Amino acid sequence: AARISWPTSSRASAPWAKEGEVDGINRNYRVYSVLQFVLAVAIFGTVCFIFSNSMQTGVDSSSASQAVQDFLQGLLRRLGHPAAAARLTEHMVRKAAHFCEYMLEGFLLLLGVRLFSRKLRYLSWPALLGLLTALCDETIQLFYAGRGSSVTDVWIDFAGVVTGMAVALLLSAVLGALFRPRRREESRGRH
């Protein structure tokens, strides 16, 4: 039986591509694959961090918040704001922590969606995933001593998700505006 030899060169695998473009396509694919993996790990790590904070007892959570409060008060005093340091409470630190950790999650979720699609119709996915994380987070707290669930915290968490998404969209738009014109100029020079 005669062996059939299939073309294996990069030119044969992408006949529409011009000379040298296939290597660029393959390199872009590898970069995107690595970015997707890194982003998935970062999102998973963020959600694990959020849930691990929820799994602390009330005493442990309060002592962690108190440590952050002491640090921030010391920082504010060194920066010359003793009145602000005196007004900073543990409650404020806890709510700000909720907001910040969910802002990071919203930022990462939106970047993840943007890596898979450029269409803005997928904006609901990161928002819904962030809301689901917030609901799970508050539910987890019901099972630990000295902790409780709060609808206010869900709203604070969701506001953090939406803010993180807005920051990611803004960053995406700025980077697109900065780098897109150069790409167009480069492509015009090739033709």
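Is lysine 95 buried, partly exposed or exposed, and what is its relative accessible area? Lysine 95 is partly exposed, at 22%; buried means under 20% relative accessible area, exposed over 50%, and partly exposed in between (1.4 Å probe, protein chains only).

The model is predicted: local features need pLDDT of at least 70, side-chain atom pairs count only at pLDDT 80 or more, and totals for chains, interfaces and linings use all residues. Residues are numbered from 1 along each chain as its sequence is written, and side-chain values use heavy atoms, leaving out hydrogens and water.

**Exercise 1.** Find the salt-bridge partner of lysine 95 and place both residues.

*Solution.*
- Criterion: a side-chain nitrogen of Lys or Arg within 4 Å of a carboxyl oxygen of Asp or Glu.
- Lysine 95 pairs with aspartate 153, with 2.5 Å from N to O.
- Lysine 95 belongs to helix α5 and aspartate 153 to helix α7 (residues 151–190), so the bridge ties together parts 58 residues apart in sequence. Helices here are DSSP runs (H or I, at least four residues), numbered from the N terminus.
- Aspartate 153 is buried, at 5% relative accessibility.

**Exercise 2.** State how many salt bridges the whole structure has, and analyse the one formed by arginine 94.

*Solution.*
- The search returns 2 salt bridges.
- Arginine 94 bonds to glutamate 90, with the closest N and O atoms 3.6 Å apart.
- These two residues are 4 apart in helix α5 (residues 90–116), which means a separation of about one helical turn.
- Arginine 94 is partly exposed at 24%, and glutamate 90 is partly exposed at 21%.
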